[in-house]
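User: Please choose a single part of this structure and take a close look at it. I should like one connected account that a first-year student can follow.

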Amino acid sequence: MKKVFFCLLVCMTCTLSAQEAYWTNYYMVVEPQNVETFYKLTNDYFTANKTEGVTVTLYENHFNDPGNNFTHSIGFSGSLDALGNMYANVGGAPWELFLVKLNQHIKEGYGSRMGTRKSHMGDLSQDFPVQKYFLVHADNGPKWDSAYETYLKGNTPAGMLNMMGNFTAGASSDGENRWVINGFKDFKSAIGGANHLRSDAQKTANNKAWQKFLDDNGESHLVRSGLRVRMGQW
C-alpha cells in the first residue's frame, strides 16, 4: 500500500443516491519531520486548484488506538454531482506533479473509504475543528439511522456539531457500517464532551433520550473511536 493511495483518486467513482451528502477519505502515515512540507504542498495545490462544490479537508489523527494509527487524512465532500465531476476531471500536469511531490513525504498509505452523511444537527457554517469520531456496527442499519437521527435532533447542545452517516466502501473486517462525529470549537469543549455543554435539566433529558436510543436502535456496538484535529480546509 505504500504511497499508492492517492492514485485511487484518478479511478474511484461514486454511485450513491442524490438525497445525501457524499464524501471520500484517504488515510496516510506522515513522519513528524515531513508534516510541515506535507501541509505546504497540500495547501498550495488545493488553494490554486478548486473543484466547484467540493470541500477538501486535512486532518491530524490526534488520539487513536494502536490499530488506528494513521497520522493524517485528506477528505473530499460535496454533492454527488460535484464529487463525480471532481473524479471525472482529475489529471493533468499540475495534479501529477503534486502527487509526485506529496508521495515523497508520505511514509505509507493506510487506507481509504467512501460513504454518506445522512443527518446532522448544528450549524455547518460554524467552525468545529476538534472532532471526536466513533465507528459503529449496527445490526439493522435503517433502524439505527432512524433511532440516532431522533436522538441527535433533540439532544445536541449549542456549541456542538453532531453528524452521522454510513460507509459504502472501505470498511474493515471489524464490521463498522455507521459513523458518528461530535464536533467542538476547541479542545476544552472536546475534553469536557457534550455534557459539559448541557445544563442539569438537559443532562437529565439526554439520559432519557439516550436510553430510548439504546432501546430502539436494533442493537449496535462501538468498533473504535478517536479524535481528529483539522489542519486545513479548501
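Analyst: A suitable part to examine is F76, which is buried, because its relative accessible area is 2% and buried means under 20%. The model is a predicted one. The account begins with the aromatic rings and then turns to helix 1 and the strands.

F76 belongs to one aromatic cluster together with Y26, Y39, Y45, F46, W95, F98 and W234. Across the whole structure, a search finds 20 aromatic pairs. In one of these pairs, the ring centres of Y45 and F98 are 4.4 Å apart and the planes meet at 10°; planes under 30 degrees apart count as stacked, so the pair of Y45 and F98 is stacked. This pair joins distant parts of the chain, since Y45 lies in helix 1 (residues 35-48) and F98 in helix 3 (residues 92-103), 53 residues apart. Y45 and F98 are both buried.

F76 itself pairs with F46, and the arrangement of these two rings is edge-to-face, with 5.9 Å from centre to centre and 65° between the planes. Here again distant parts of the chain are linked: F46 is in helix 1 and F76 is in strand 3 (residues 72-78), 30 residues apart. Like its partner, F46 is buried, and the relative accessible area of F46 is 5%.

Helix 1 therefore deserves attention, because it supplies Y45 to the stacked pair and F46 to the edge-to-face pair. The 14 residues of helix 1 should span 20 Å at 1.5 Å a residue, and the C-alpha atoms at its ends are 20 Å apart, so the two values agree. Which residues of helix 1 are buried? They are F38, L41, T42, Y45 and F46. Because these residues cover an arc of only 110° around the axis, they lie on the same side of helix 1. On the other side, E36, K40 and A48 are exposed.

Strand 3, which holds F76, leads next to strand 1. Strand 1 and strand 3 pair in the antiparallel sense over seven bridges, and the bridge partner of W23 in strand 3 is S77. Strand 1 (residues 21-29) is mostly covered, as nine of its nine residues are buried. A21, W23, N25, Y27 and V29 point one way from strand 1, while Y22, T24, Y26 and M28 point the other way, and all are buried. Y26, a member of the aromatic cluster, is thus among the buried residues of strand 1.

Strand 1 is also joined to strand 4 by nine bridges, and these two strands run antiparallel. Within strand 4, R117 is the bridge partner of A21. Strand 4 (residues 108-121) in turn pairs with strand 6 (residues 160-169) over seven bridges, again in the antiparallel sense. In strand 6, M163 is the bridge partner of H120.

How are these strands arranged as a whole? Eight strands close into a barrel in the order 1-3-2-8-5-7-6-4, with antiparallel pairing. Neighbouring strands of this sheet are turned by 35° against each other on average, direction ignored. In general, the strands of a sheet pair through backbone hydrogen bonds, either parallel or antiparallel.

Following the order of the barrel from strand 6 leads to strand 7. Seven bridges join strand 6 to strand 7, which run antiparallel, and N162 stands opposite N182 in strand 7. Strand 7 (residues 178-184) is largely enclosed by the rest of the structure, because seven of its seven residues are buried. R178, V180, N182 and F184 on one side of strand 7 are buried, as are W179, I181 and G183 on the other. Strand 7 also pairs with strand 5 (residues 130-138) in the antiparallel sense over seven bridges, and in strand 7 the bridge partner of Y133 is I181.

To return to the starting point, F76 in strand 3 forms a link to F46 in helix 1, and the aromatic cluster includes both F76 and F46.

Definitions and conventions. Residues numbered from 1 in each chain as written. Predicted model: local features only at pLDDT ≥ 70, side-chain atom pairs only at ≥ 80, totals over all residues. Heavy atoms only, no water. Phe/Tyr/Trp six-rings, centres within 6.5 Å; stacked < 30°, edge-to-face > 60°. Helix = DSSP H or I, 4+ residues; strand = E, 2+ residues; numbered from the N terminus. Buried < 20%, exposed > 50% of the residue type's maximum accessible area, 1.4 Å probe, protein only. Pairing = 2+ DSSP bridges. Axes fitted to C-alpha atoms, helices over the stretch in contact; angles between N-to-C directions. Expected span 1.5 Å × (residues − 1). Arc of directions from axis to C-beta.
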